Amino acid sequence: DWTPAHFIDETVEQLKEQLGDDKVVLGLSGGVDSSVAAMLIHEAIGKNLHCIFVDNGLLRKHEYEDVLESYKHMGLNVKGVDAKDLFYDELKGKTDPEAKRKAIGKVFIDVFDTEAHKIQEVKWLAQGTIYPDVIESVSVKGPSATIKSHHNVGGLPEKMNLKVVEPLNSLFKDEVRKVGSALGLDEAILNRHPFPGPGLAIRILGDVTPEKVHVLQEVDYIFIQGLKTANLYNQVWQAGAVLLPINSVGVMGDERTYERVVALRAVTSVDGMTADWCHLPYEFLAEISNTIINKVKGVNRVVYDISSKPPATIEWE
Ligand code: XMP
């Protein structure tokens, strides 16, 4: 029978044998998968695992600093790379969702490749690929499967000419969480909602600017902190905010305003393939809406997304 402890023992043994004294590079994302992959490999080869965590300027508020800190606490050999401006430059003027995804994937590969080359004699690229990703990339052929190009860094191994090691490629998400828990992974990372690789860029409809990222980070932060405070975070599969490319009329004091609209999205799901909009309490939504409009400059209207997947998707882009 499958148990986390058994899986860990077996995998660490295999990794030791497979990797020997070789150096391995791994890109951390702040998500569960890459974190658990890193912990397993770290368990097997220690400091020969070199982790890279890239700040693409599209992460949640405080995320880069917080996550980097917890990785360091875990004893991982991790290097943080601030590449915000490279991503913003490449995104400048791009409005098409797939073009934005491609731009982000490209910059990520460039940044990662450059950093990896600073490590002497690195032989392996480790990835947190899990079983559903393997299935998905096999079936990404027909037009329906390419609705969104989820595997944003699919070209990485080819470009880098490294051997690939994927210790989680036989596991489902819940098993990855169990393994992470058994390895003592931070609660905050373990139960984190899924977050897309292209980050806030695909939640800013239209072109991405640092100023829009800032507005959305503030809105998203209020929403997510609110969910945590109200003990709703763990009942939701994924939540976030979307910055819409329209202004709406509002009134503040006796002034007319013409400011941004944000949409809040919260869904329940098992695997992200289908999802229901979350029936969050009205009182909670009312409070979050008030807080956002009062605190975030430039936003005068909040709407709540009540679409399920299918036919809608979780993200708006
Ligand atoms: P959709 O919007 O297709 O999203 O219902 C399903 C799940 O996938 C995430 N998602 C992405 N993840 N790169 C990623 O790494 C992407 O380009 C991407 N697009 C969507 C989304 O957040 C949800 O969890």
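## A walk along helix α2

Start by selecting Ile8, Thr11, Val12, Leu15, Lys16 and Leu19 in helix α1, then add Leu40, Ile41, Glu43, Ala44 and Ile45 in α2: these two sets of residues meet each other. By type, the residues of this contact divide into 8 nonpolar, 1 polar and 2 charged. Keep in mind as you go that what you have open is a predicted model.

Now show the two helices whole. Helix α1 covers residues 4-19, and it packs against α2 at an angle of about 60°, with the axes 8 Å apart. That angle makes α1 oblique to α2. The crossing of the two helices is right-handed.

Next, stay on α2, which covers residues 32-45, and bring in helix α8, residues 173-182. The axes of α2 and α8 come within 10 Å and cross at roughly 45°. These helices are therefore oblique to each other. Here α2 passes α8 in a left-handed crossing, whereas the crossing of α1 and α2 was right-handed.

To see who touches whom, select Val32, Asp33, Ser35 and Val36 in α2, together with Val176, Arg177, Val179 and Gly180 in α8; these are the residues that meet. The contact of α2 with α8 is made of 4 nonpolar, 2 polar and 2 charged residues.

Two of these α2 residues deserve a stop of their own.

Pick aspartate 33 first. Is aspartate 33 buried or exposed? It is buried, because 22 other C-beta atoms lie within 10 Å, and 20 or more is enough to count as buried. Leaving aside neighbours within four places in sequence, aspartate 33 is in contact with Gly128, Ile130, Leu168 and Val176. You have already selected Val176, as part of α8.

Then pick serine 35, also in helix α2. Why does serine 35 count as buried? The reason is its 28 C-beta neighbours inside 10 Å. Beyond its neighbours within four places in sequence, serine 35 is in contact with Leu28, Gly180, Leu185 and Ile189. Gly180 is another residue you will recognise from α8.

For the last stop, select Ser29, Gly30, Gly31, Val32, Asp33, Ser34 and Ser35. An unreviewed UniProt entry lists these residues under "binding site". Both of the residues you have just visited, Asp33 and Ser35, are among them. Val32, which you met in the contact with α8, is also on that UniProt list.

Note on methods
Residues numbered from 1 in each chain as written. Predicted model: local features only at pLDDT ≥ 70, side-chain atom pairs only at ≥ 80, totals over all residues. UniProt positions renumbered as here; feature names shortened; annotations may be inferred. Helix = DSSP H or I, 4+ residues; strand = E, 2+ residues; numbered from the N terminus. Buried ≥ 20, exposed ≤ 12 C-beta atoms within 10 Å, placed from the backbone. Contact = placed C-beta atoms within 7 Å. Axes fitted to C-alpha atoms, helices over the stretch in contact; angles between N-to-C directions. Parallel < 35°, antiparallel > 145°, perpendicular 65-115°, else oblique. Left-handed = near helix turned anticlockwise from the far one by under 90°. Nonpolar A, V, L, I, M, F, W, Y, C, P; charged D, E, K, R; others polar.
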